[in-house]
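The following paragraphs go through one protein chain, from a single loop residue to the overall form and back to individual helices. Please keep the sequence and the coordinates at hand while reading.

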Amino acid sequence: MSETIIATKLYVPQPQPDAVRRPHLIKRLNAGLHRKLTLISAPAGFGKTTIISEWAAGCGRPVAWLSLEEADSDSTRFMAYLVAALQTVGANTGDGVLRAIQSAQPPPLESLLTALVNDIATIPGNFMLVLDDYHMVDSRPVDDALAFIVEHLPPQMHPVVTTREDPRLPLARLRVRGQLTELRAADLRFTLAEATEFLNRAMGPNLAESDIAALEARTEGWVAGLQLAALSLQGRRNVPEFIQAFAGNHRYIADYLIDEVLQRQPTSVRNFLIQTSLLDRLTGPLCDALIGQEGSSAQLDTLARGNFFVVPLDDQRQWYRYHHLFADVLRAHLQAEQPGHVKTLHQRASEWFERHGSIPDAIRHAMAAEDAARGANLVERALPSIRRDRLTTTLLGWLKMLPDEEIRRRPVLSAAYAMALLSNGELDDVEDRVRDAGRWLDVASDLDDQTREGMIVVDEEEFRRLPGSIAVYRAGHAHLSGSISATVTHAQRTLELAPADDHLTRGAAAALLAHAFWSSGEINAALQHYAAGMETLRRAGLLSDVIYGANTTAAMYVAKGRLRDAERTLNQAMLRAEELDEPSLHGLADFLIGLSELQHERNDLAAATEHLQRAKELASSKGAAYNRSRWNTAMARIMEAQGDLEGALSLLDEAERVRVPEFFPNVRPSAAIRARIWVALGRVADAIGWASEQNLSVEDELSYQREYEHITLARVLLARDPSNRKSEEFLGRLLRAADEGGRKGSAIEVL
């Protein structure tokens, strides 16, 4: 058959001179040379052939290479080409096999393979056999032939298979025995450093680091995607704008995927891919419901094993997702080819997710189906779990997607809108949403006809809670707006209106009362109401909120000058938080910041710094939320104490930049701390300017909220003129106010 052999199929690809070298992968491949098989299995465009050609060029072994195609599914043709490839490293190897398969009555395949294995065993020296694009072969006899060779492998030959789908080989057995080296898509994806090197070579050092990072993230390190992106970028003036909009429906990506993947598939597979592309994650029963037929589980398993840009999401291979770029292409085709079917598919997905208890997915697909009524109903039913799980940002996003007229006729959703706005620091529209909810309270509460007089209520229990909810949201809005008297009024009104079993609302009202008294400097009353509020929230089952409340209790103790009580409170809360495991992340980092502030008061700057570092490490390693403004302020005060005044000023600037509205009263504003540092730097004129901007005067009426600023003003005035008697009189007033309010912390500083 020598005359029919295509020589280029036996050509070993040479590494491209400008290719990105991947030594960590080469090291893994070299480490597996003693095993029976190396498998490189990944979808199209992940650089399988490239990495093997780089390895082959530097491994120091001869390489027998065979690039396979569909026609090689014929076992006779496969054997002929296999022998031809082997003869590139061992002359005359398999000559007898070639003669046998050309005979009128060739022997059984196993006999041919036995003879070939014996011939291979005579080849001097170690070598590799590479079967490239093995997925092109669809033949059980060929699979059996390769399995036989691997099972009876001569020691000097190491077979390598590159493929888009796992071959029908005993991979599990090889894996268990430690006889298999595998590289898959996750291994072949370019890292950010590799993507940077590749794009710099392709484009020149013109791309910004942020643009490269965006491309790497968008393509998920997919080599072909980066290559096509580089082509797309050539000649473009506004590179960042293009990268921002870069997606899988770009013509180069789309053309590649269509040519390489979609157009090669049977109609049934193609329709399955396109119609399920609107799902962020896929499982068999869900896909069955979507496309209206069974068999999706097997289809997904086939696609995944075929490396069809399908990514398993669990070890059981129950859930999958499409490669993001591939999904973009599929969705573009869905929209172009079946635009009238898109809403129906989203509707089916929403119904399936609702039946299976995944309400967020049900809501998302209802919104995508533009079914506002269904989406609103689902959101209202989800409110109890949303509050429990603190998903107010998600809630706000859903509500903003709904038509305004749909929300305004739903009093429960209107009130929920106010809650979500408050929780996310968006105060401007809170009162409007509260008013929308309140106007329905005059409607009779007989909800047998849920649409009577234009009102829609889905959850009657939520509607029953509405008077107390409206009052507590008004109290929260008043508190964040700085109105202490209105906060007290609305919080007390909440306690009158909220049902006795509505522990969440009543607990929130008591906590708001505590914050109002704290802001007024009435620390004893604040502690009393806060303890009552935390006990009520405990009854509501919000244990993590109760534990996190230790931050507030400790801060009140600090105001009273009771540092040991504050430290005990925080340490106990940390122990309880750690016992809760995941909920501990809600406040653990902030506890450490509080402990740092206490150590700073004791002038143990090393311990104070250590606590802040632990807080930041916790936030970095586990994603724990923390008050970044408070962290920067605490570190600034440490740096001030250490004499790094300029560094402290820089951190205070950052503290102001990241500060967000909160219920915690800001009784130690960073601007006042900055003024104190200016005094230390001798910049008294700047400090005087700060006092003037804040309209601070020794004649001011005193309040706890401005106490720290007033003490700072006294420091500034003393720095300008130590003999100023007005400063001394002013300090006397501050001392009396602190003593009367039981605020020993302030009294100590005044003294």
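Is Glu 370 buried or exposed? The model is a predicted one, and in it Glu 370 has a relative accessible area of 61%. The cut-off for exposed is over 50%, so Glu 370 counts as exposed. Glu 370 sits in the loop that joins α19 (359–368) to α20 (372–389). Its backbone is also of note: phi of Glu 370 is near 60°, a positive value in a residue other than glycine. Most residues other than glycine have a negative phi.

Asn 695 can be read alongside it. Phi of Asn 695 is near 55°, again positive in a residue that is not glycine. Asn 695 belongs to the loop between α38 (684–693) and α39 (707–720), and with a relative accessible area of 62% Asn 695 is exposed.

Now take the chain as a whole. The protein chain contains 41 helices and seven strands. Its radius of gyration is 35 Å, well over the 27 Å that the globule rule gives for 751 residues, so the chain is more spread out than a compact globule. Along the principal axes, the C-alpha trace spans about 115 × 70 × 50 Å. Buried residues make up 51% of the 751 residues. Of the contacts with a separation of 6 or more, 67% are between residues 24 or more positions apart.

The surface and the charges come next. The protein chain exposes about 34,300 Å², and carbon and sulfur atoms supply 48% of that area. There are 82 positive and 101 negative charges, and the mean positions of these two sets are 2 Å apart.

As for confidence, the mean pLDDT of the chain is 87, and 92% of the residues reach 70 or more. Among the elements, strand β1 (residues 37–41) has the highest mean pLDDT, 97, and helix α13 (residues 251–260) has the lowest, 67.

Strand β1 leads on to helix α2, since β1 is one of the elements against which the buried residues of α2 pack. Which residues of helix α2 (residues 48–58) are buried? They are Lys 48, Ile 51, Ile 52, Ser 53, Glu 54, Trp 55 and Ala 56. Besides β1, the buried residues of α2 pack against α1 (23–31), β2 (63–67), β3 (127–132), β4 (157–163) and α8 (185–188). Just after α2, Gly 60 takes a positive phi of about 80°.

Helix α35 (residues 628–642) supplies two further residues to look at, one of them Ser 629. The relative accessible area of Ser 629 is 10%; buried means under 20%, so Ser 629 is buried. Not counting residues up to four places away in sequence, Ser 629 touches Ala 655, Val 658 and Arg 659. An α-helix has 3.6 residues a turn, so residues three or four places apart point the same way.

Glu 640 is also in helix α35. At 25% relative accessibility, Glu 640 counts as partly exposed. Which residues is Glu 640 in contact with, leaving aside its neighbours within four places in sequence? The contacts of Glu 640 are Leu 645, Ala 648, Ile 673 and Ile 677. Asn 524 gives a separate distance to check: Glu 640 and Asn 524 are 116 residues apart in sequence, and their C-alpha atoms are 32 Å apart in space.

How values were computed. Residues are numbered from 1 along each chain as its sequence is written. This is a predicted model: local features need pLDDT of at least 70, side-chain atom pairs count only at pLDDT 80 or more; totals for chains, interfaces and linings use all residues. Side-chain values use heavy atoms; hydrogens and water are left out. Helices (H or I, at least four residues) and strands (E, at least two) are DSSP runs, numbered from the N terminus. The radius of gyration is taken over C-alpha atoms; the globule rule is 2.2 Å times the number of residues to the power 0.38. Buried means under 20% relative accessible area, exposed over 50%, partly exposed in between (1.4 Å probe, protein chains only). Contact means heavy atoms within 4.5 Å. Accessible areas come from the Shrake-Rupley method with a 1.4 Å probe; for residues, only the protein chains shown count as cover. Lys and Arg count as positive and Asp and Glu as negative; His and the chain ends are not counted. The place of a charge is taken as NZ of Lys, CZ of Arg, CG of Asp or CD of Glu. pLDDT is the predictor's confidence in each residue, from 0 to 100.
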